[in-house]
Amino acid sequence: MTIELQALVWACVTLIVLLGVQGALVPINQGFAWGLGSRDEPRDMTAFQGRMRRIVANHIEGLVVFAGLVLAAHLAGISSSTTQIGAILFVLARVLFAVTYMAGVPVVRSVIWGVGTFGILMIAVDVIAASI
């Protein structure tokens, strides 16, 4: 398995962990009965639950682009130091992004997000260059 595909697996594992944390917050904050029920009566989320919702949504958005590029690279037989470093940067940045967002760290979180996006762009450059 290429480094890029391994990174894709770890990005998916990260999503599974984030979803687990997000899901565990419902019974903790809103109660088991409400969480297992139809949830017809809305309940306010805590600030941390709101952060977790945004972290998960942001991770899914990045993962869609990352997965598409990694799979395109794999199917085209593209694996270079650029795509490998880009994939590793993406995964590490996504984990650090989630941790800093959970902790409520503002500016550093955005810089880390930028590093992850740069990792995606590194893969995109090689994939696009190979298709020209």
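The following paragraphs lead from the overall make-up of the chain to its helix contacts and then to three individual residues.

The model is a predicted one. The protein chain contains 5 helices and 0 strands. Read from the N terminus, its elements follow the order α-α-α-α-α. Along the principal axes, the C-alpha trace of the protein chain extends over about 55 × 30 × 20 Å. The protein chain has 132 residues, of which 36% count as buried. Its exposed surface comes to about 7,600 Å², and 71% of that area is supplied by carbon and sulfur atoms. Contacts across the sequence can be described as well: among those between residues at least 6 apart in the protein chain, 78% join residues at least 24 apart.

Helix H4 offers a convenient starting point for the packing. This helix covers residues 81–102, while helix H1 covers residues 3–30. The axes of H1 and H4 come within 8 Å and cross at roughly 15°. Angles under 35 degrees count as roughly parallel, and H1 and H4 are therefore roughly parallel to each other. The crossing in which H1 passes H4 is left-handed. On the H1 side, the residues that meet H4 are Ile3, Glu4, Ala7, Trp10, Ala11, Thr14 and Leu18. Their counterparts in H4 are Thr83, Gln84, Ala87, Ile88, Phe90, Val91, Val95, Ala98 and Met102. Sorted by class, this contact of H1 with H4 comprises 12 nonpolar, 3 polar and 1 charged residues.

The next contact to consider is that of H4 with H3. The axes of H3 and H4 come within 9 Å, and their crossing angle is roughly 170°. Because of this angle, H3 is roughly antiparallel to H4. From H3, the contact draws on Phe48, Arg51, Met52, Arg54, Ile55, Asn58, His59, Gly62, Leu63 and Phe66. From H4, the residues taking part are Ala87, Phe90, Arg94, Phe97, Ala98, Tyr101 and Met102. The contact of H3 with H4 divides into 11 nonpolar, 3 polar and 3 charged residues.

H4 also packs with helix H5, which spans residues 107–131. The axes of H4 and H5 come within 7 Å and cross at roughly 160°. With that angle, H4 is roughly antiparallel to H5. The crossing of H4 and H5 is left-handed. By class, the contact of H4 with H5 has 15 nonpolar, 6 polar and 3 charged residues.

Individual residues add detail to this picture. Thr14 lies in helix H1 and is one of the H1 residues that meet H4. Its relative accessible area is 13%. Buried means under 20% relative accessible area, so Thr14 is buried. Apart from neighbours within four places in sequence, Thr14 is in contact with His59 and Val95. Of these two, His59 belongs to the H3 side of the contact with H4, and Val95 is among the H4 residues that meet H1. Thr14 and Arg94 are 80 residues apart in sequence, yet their C-alpha atoms are 8.1 Å apart in space.

Arg94 itself is found in helix H4, and this residue takes part in the contact of H4 with H3. Arg94 has a relative accessibility of 6% and therefore counts as buried. Leaving aside neighbours within four places in sequence, Arg94 is in contact with Ile55, Asn58, His59 and Trp113. Ile55, Asn58 and His59 are also H3 residues in the contact with H4. Arg94 and Arg109 stand 15 residues apart in sequence, with 9.9 Å between their C-alpha atoms.

Asp44 provides an example from outside the helices. This residue is found in the loop between helix H2 (32–36) and helix H3 (47–75). Asp44 is exposed, because its relative accessible area is 73% and exposed means over 50%. Not counting residues up to four places away in sequence, Asp44 touches Gln30 and Gln49. The C-alpha atoms of Asp44 and Pro27 are separated by 13 Å, and the two residues lie 17 residues apart along the chain.

In summary, H4 is roughly parallel to H1 and roughly antiparallel to H3 and H5. Thr14 in H1 and Arg94 in H4 are buried, whereas Asp44 in the loop between H2 and H3 is exposed.

Methods. Residues numbered from 1 in each chain as written. Predicted model: local features only at pLDDT ≥ 70, side-chain atom pairs only at ≥ 80, totals over all residues. Heavy atoms only, no water. Axes fitted to C-alpha atoms, helices over the stretch in contact; angles between N-to-C directions. Helix = DSSP H or I, 4+ residues; strand = E, 2+ residues; numbered from the N terminus. Parallel < 35°, antiparallel > 145°, perpendicular 65-115°, else oblique. Left-handed = near helix turned anticlockwise from the far one by under 90°. Contact = heavy atoms within 4.5 Å. Nonpolar A, V, L, I, M, F, W, Y, C, P; charged D, E, K, R; others polar. Buried < 20%, exposed > 50% of the residue type's maximum accessible area, 1.4 Å probe, protein only. Areas by Shrake-Rupley, 256 points an atom, 1.4 Å probe, with all protein chains shown as cover.
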